[in-house]
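Here is a short briefing on one protein model. Look over the sequence and the fold, then work through the points below.

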Amino acid sequence: MVPRASFARAARRTLHPQCSRTPNTRRTLASATSAGYSYETGEVNGIKFASRDIPGPTTQLALVARAGTRFQVYPGFAEGLEKFAFKSTHKRSSLRITREAELLGAELFAYHSRENLVIGAKFLREDLPYFTELLGEVISKTRFTRHELHEEVIRVIKLNQKSILANTDQMALNSAHAVAFHRGLGTALHPTSSVPITKYLHEQELETFSQAAYAKPNFAIVANGASHDDLGRWIGEFYNDSPATPPKDFPAIETKPSKYYGGEERIAHDGGNNMIIAFPGSGAYTGRHYKPEIAVLSSLLGGQSYIKWSPGFSLLARACAAQTQAHVSTRNISYSDAGLLTISMEGKASHIREASHAVVDILKAISGGDIEKDDIQKAIAKAKFRTLEAGQNIGTGLELTGAGLVQSGKPSNLDGIAEAIEGVTEDAVKKAAKTLLEGKATVSTVGDLFVLPFAEEIGLHV
């Protein structure tokens, strides 16, 4: 029987023969001093990239393209492009891609958010050349075949549509975005069952959209656990086929600024109860639309506890303690040029009704200055931790850094963001709450509409 170590070495020599023609790309583990938040950035042949050479034997590599649902030209295109990742290319079949990844012990992934499409891989550090080449092949040589589109891609999309019908939380969140932003960021993360995707989703148009999505100015490559010089060298070798500009005979990807509208939508559903109260929030900390006071306000409102055996310090956790069958949580969903501060309530309809009144009362109390200084300090500390944790998290950091490179040419600067959060004053939080209450709210309600309140009933302007 062939020893496993010998088999693995032979597999690697077969899968990336280019290593025999170039200097040894292996490198010892990075020193501990390099394991910070900062990414080292560069550009090769018009392609932006960033790397963080953290110590460890594994690497995570991702390609972040500005091709989420906000930027899709037709319904279902973002999800269609995601589902075609790692399918057959002009060089390899999908079976070969799968088998080669398995031989190297790697993991492949692809997902999309409202703004970004992310495809990537997790693998052993010495296999960087192979997977850098594979991602380049996916974006420039994928075969958009009719049978794969209809037999696999559309079939999976329709299964997702059925799952969304039973997910009242996802339904309420999609509704809140649609009411708040209309088009662009208001587009549902996944097409609903009422969207005629087969009317728009065709292999030729999807292939053309991929050429726009994967044009050099529209994506960036980010790696954790890789040498910056090695990453730049392999990008320069394997990404020569990426188009420098999007095709001119296809609708351009819309990049106009987001606009907040606000309003109310109510959807009857017997599978659960969800209510989302939302306001204009803070943009991502990689851009100029970041508002640290919103991050602090989100932590101050809270609702959910992160401390075992404790309801938490947040104002909503204390105010809604009697509504034991309503789960309340607050978060700021950030995007490149906008954000949505959401207060989500899920559970028994009558308890959600009571909790919704508490939400408005708490906001009024904050805007009026009826708040303890100690609570502000706790909220600042929590907001700082959550922001730094998101930046330190490898998966979250890859998308944020890639999106920052595409949008502004710069990765995130977490040190500066931490200082901005620490500088938030009590007056800034009061002013933020007052501004939210004076403007138009977004209220999306799903469930038992006989019990769940209207926005006007709880004192909100829509």
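The points below cover sheets, strands, helices, single residues and cores.

This is a predicted model. One open sheet in it has six strands. Its largest nonpolar core has 51 residues, and another core, of 50 residues, lies apart from that one.

**The six-stranded sheet**

- The strand order is 1-2-6-3-5-4, and the pairing is mixed.
- Strand 1 (40-44) and strand 4 (107-112) stand at the edges. Each has a single partner strand, so one side of each is left without a neighbour in the sheet.
- From one strand to the next, the twist averages 20 degrees.
- Strand 2 (residues 47-52) and strand 6 (residues 219-224) run parallel and are joined by five bridges.
- Lys48 has Ala220 of strand 6 as its bridge partner.
- Helix 2 (residues 77-84) packs on the sheet, where it touches strand 4 and strand 5 (117-124). The direction of helix 2 makes about 175 degrees with that of strand 4.
- As a general point, strands of a sheet pair through backbone hydrogen bonds, either parallel or antiparallel.

**Strand 10 and its partners**

- Strand 10 (residues 339-347) has nine residues, and seven of them are buried, so the strand is largely enclosed by the rest of the structure.
- Strand 8 (residues 274-280) runs antiparallel to strand 10, with seven bridges between them. Here Ala278 stands opposite Thr342.
- Strand 9 (residues 326-334) also pairs with strand 10 in the antiparallel sense, over nine bridges. Here Val328 stands opposite Met345.
- A hairpin of four residues links strand 9 to strand 10.

**Two buried residues in helices**

- Thr132 sits in helix 4 (residues 128-141). Thr132 counts as buried because its relative accessibility is 0%, and the cut-off for buried is under 20%.
- A polar atom of the Thr132 side chain lies 2.7 Å from the backbone oxygen of Leu128.
- Beyond residues up to four places away in sequence, Thr132 touches Leu61, Leu231, Trp234, Ile235, Phe238 and Tyr239.
- Ile197 belongs to helix 7 (residues 197-200). Ile197 is buried too, with a relative accessible area of 3%.
- Setting aside neighbours within four places in sequence, Ile197 contacts Ile157, Gln161 and Pro191.
- Ile197 and Thr59 are 138 residues apart in sequence, and their C-alpha atoms are 36 Å apart in space.

**Helix 14**

- Helix 14 (residues 394-408) has 15 residues. From first C-alpha to last, helix 14 reaches 21 Å, close to the 21 Å expected at 1.5 Å a residue.
- Its buried residues include Gly397, Leu398, Glu399 and Val406.
- Gly409 follows helix 14 and has a positive phi, near 80 degrees.

**The nonpolar cores**

- Which residues have the most contacts inside the largest nonpolar core? They are Ile366 and Leu460.
- Helix 12 (residues 349-367) gives this core its largest share, nine residues.
- Leaving aside neighbours within four places in sequence, Leu460 is in contact with Ile277, Phe279, Val360, Leu437, Ala441, Val443 and Ala455.
- The other core has Ala67, Phe71, Leu117 and Val153 among its 50 residues.

Terms used. Residues are numbered from 1 along each chain as its sequence is written. This is a predicted model: local features need pLDDT of at least 70, side-chain atom pairs count only at pLDDT 80 or more; totals for chains, interfaces and linings use all residues. Side-chain values use heavy atoms; hydrogens and water are left out. Two strands pair if DSSP finds at least two bridges between them. Axes are lines fitted to C-alpha atoms, for helices over the stretch in contact, and angles run from 0 to 180 degrees between N-to-C directions. Contact means heavy atoms within 4.5 Å. Buried means under 20% relative accessible area, exposed over 50%, partly exposed in between (1.4 Å probe, protein chains only). A polar contact is a pair of N or O atoms within 3.5 Å; within protein, one must be able to donate a hydrogen and the other to accept it, and residues adjacent in sequence count only if both atoms are side-chain atoms. The expected span of a helix is 1.5 Å times one less than its number of residues. A nonpolar core is a set of buried Ala, Val, Leu, Ile, Met, Phe, Trp, Tyr and Cys residues joined through side-chain atoms within 4.5 Å.
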